[in-house]
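Here is a quick tour for someone meeting this structure for the first time. Have a look at it, and then we'll walk through a few of its parts.

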Amino acid sequence: MIFIKSIYNEVIKIALKPRSYLGIAAITVLVGVILFALKSDGMSIISFVTSSFEQTLSFEGNVLNGNLVAFIILQMLIVQIPLLIALVTGDLVSGEAAMGTIRLLLTQPISRTQLLLSKFMAGGIYTLIVIVWLGFMSVIMGKMLFGTGDLMVLNSDGLVILQEADVNWRYLGGFLVAFLALFTVSSLSICLSCFTDNSIGPIVTTMSIILLFTIIGTLDVHVFDSVRPFLLTTHMASWRSFFEDPLPIQDIKNSILILLIHNILLISISIYVFNKKDITA
Amino acid sequence: MSEKIIEIKSIAKKFGLFEAVKDVSFHVNQGDVFGFLGPNGAGKSTTIRCMLSLIKPDSGSIEIFGKSIFKHRNEILSRTGSIIEKPDFYKYLSAYKNLEIFSRLSRVSIGKKEIYNMLDFVGLGGREQDKFSSFSHGMKQRLGIAQTLLHNPDLIVLDEPTTGLDPQGIIDIRNLILRLKNEQHKTVILSSHNLAEIEIICNRMVIINKGVSVVEGDVKALMNNEDLVVRLELSDKDKSKAVILSQYPNIQITDINDTSIELPMEKSKISELNKDLVQAGIGIFSIEAKRKLEDYFIKMVNA
């Protein structure tokens, strides 16, 4: 019962912290700008992509529809969302130390493990809210403004066209995997937050790690070949697998497994460090 | 004999090479208002943090309510209220919301009415919805005390509770502690730099210096072993000094003002001094004998 109350406390603290709304506001503004740009001049962007296929294919119907708009938005924003998540979750433990409230919190009759797990849960709830908001702004708003239709996706194997009726469940699956990836970012930042009493450090470090892993993932150098499949950032883009045909089920399962292992490791390390930590702040 | 609420035996704690606490032992009985004294850096805060499981000592044992703090942490903390160093709360939340957050983690059901009553009790009535960031230091201290008492704990640990309070606030806190002791039979540990406060409020105390507990015991009994400081208000100060010096040639007399002097003296000799002065025809307007904890403290710390 006290664990549930603690989760509620942590959610309330996030909800009443002005910084928490930066992520929601940023998504609203960024998606708004993209929607406005696509509404104003979206066809010229689409023509740029489709022109190379026009000799062999003819495109009919509403190509620039809500499904495509949502896909474009996700593609553009999924890189920025980890920053917005870390901005809030990186502060969950170290922020308490910096503010001095950690002393009061850890003299309450709740175990350190329960307290920390409630912070992970609250971080997960915040991540879920951000993802749901991103889904609403991209898929729902996209469909409202641009209508619906078949989804045309350009990937490394070529052009994939997915039937309108075949798209919604793919978005649901994609968002679930994206949530898991972003929850891993949240776990990483909370874990880093356990090591310091500095409020900003874990946020900056989380972003630096994501940047570093992205660079390692992008560099086509053999020395990183053995590491790349296990990097968090490699699997952050696995939401895109849901828009391939046929569906690469094994790749998706593999990504989910690796992200889950990341989470278990990060949460275990955090619990160990937090329980051993002397509160001198 | 009173039940021991806290028993600390030979705790030690190092941070790297620095020995913050070397050997601290003391006990606190049920119903004590226990003074926790020591100069800055003596190890008071580290000891208090060890007691509340914020810091794990390298060696020694801490038992509260007869149980080890490290094995029965939650049970002990549910019966304990504390302010450590300074009361820090969430700056972006109101006084009410802050108390509500912490009340959810206690094992007692605390409603809105209880929180409002407690805020009123500590003198924050009418400021319930004001943000913590807008509070003065004194108001923050009062909110800290409200949080400490909200779940009606049996043991209260107050680390410098009167810092930043105005004189009326200090008197309020002092009276509050005495009420907690006398009416509710709470056990209070009071760490303070205000030695006069400790002298007035506490019945037992420990002095810690350089990470070691130097002396522990009943405040009055400890200071009974010492000379009193006697302040006399007299009709003829100079003549009085001559009389006193004729009887006690090595005594150190301090002038307080035109009519008053102070001198150290054993309790048994005060009536004799009074008699000598009266026989010399000196009028005694007032005579006040007191022990100063400050002197005792300095003596123990420098020993």
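Let's start with a pair of strands in chain B: β11 (residues 228-234) and β13 (residues 260-265) run antiparallel and are joined by 6 bridges. One of the matched pairs is B:Leu232, whose bridge partner in β13(B) is B:Ile261. Helix α9 (residues 237-247) of chain B packs on the sheet, where it touches β11 and β13 of chain B, and its direction makes about 15° with that of β13(B).

A word on the ground rules. This is a predicted model, where local features need pLDDT of at least 70, side-chain atom pairs count only at pLDDT 80 or more, and totals for chains, interfaces and linings use all residues. Residues are numbered from 1 along each chain as its sequence is written, while chains are lettered from A and ligands numbered from 1 in the order in which they are written.

Some terms, too. Helices (H or I, at least four residues) and strands (E, at least two) are DSSP runs, numbered from the N terminus. Two strands pair if DSSP finds at least two bridges between them, and two residues are in contact if their C-beta atoms, placed from the backbone, lie within 7 Å. Axes are lines fitted to C-alpha atoms (for helices, over the stretch in contact), with angles from 0 to 180 degrees between N-to-C directions.

Back to that sheet: it is open, with 4 strands in the order β12-β13-β11-β14 (chain B) and antiparallel pairing. Its edge strands, each pairing on one side only, are β12 (254-255) and β14 (284-290) of chain B. Helix α10 (residues 270-279) of chain B lies across β11, β13 and β14 of chain B, at about 165° to β14(B).

Now for β8(B). Here are the strands joined to it:

| Strand of chain B | Bridges to β8(B) | Direction |
|---|---|---|
| β3 (residues 33-37) | 4 bridges | parallel |
| β7 (residues 155-159) | 5 bridges | parallel |

On the β3 side, B:Phe36 has B:Ser191 as its bridge partner in β8(B). On the β7 side, B:Leu155 stands opposite B:Thr187 in β8(B). From β7(B) the chain crosses through helix α6 (residues 167-182) of chain B to β8(B), a right-handed β-α-β crossover (with the strands pointing away from the viewer, the path from the first strand over the helix to the second runs clockwise).

How covered is β8 (residues 187-191) of chain B? Mostly: 5 of its 5 residues are buried, meaning that 20 or more other C-beta atoms, placed from the backbone, lie within 10 Å of their own (exposed is 12 or fewer, partly exposed in between). B:Thr187, B:Ile189 and B:Ser191 point one way, and B:Val188 and B:Leu190 the other. In a regular strand the side chains alternate between the two faces of the sheet.

Helix α1 (residues 44-51) of chain B is mostly covered as well, with 8 of its 8 residues buried. Among them are B:Lys44, B:Arg49 and B:Met51. Just after α1(B), B:Ser53 takes a positive phi of about 65°.

Finally, chain A. Its secondary structure comes to 11 helices and 2 strands. The radius of gyration of chain A is 21 Å, close to the 19 Å from the globule rule for 281 residues, so chain A is as compact as a globular protein of that length. That radius is taken over C-alpha atoms, and the rule is 2.2 Å times the number of residues to the power 0.38. Of the 281 residues of chain A, 39% count as buried.
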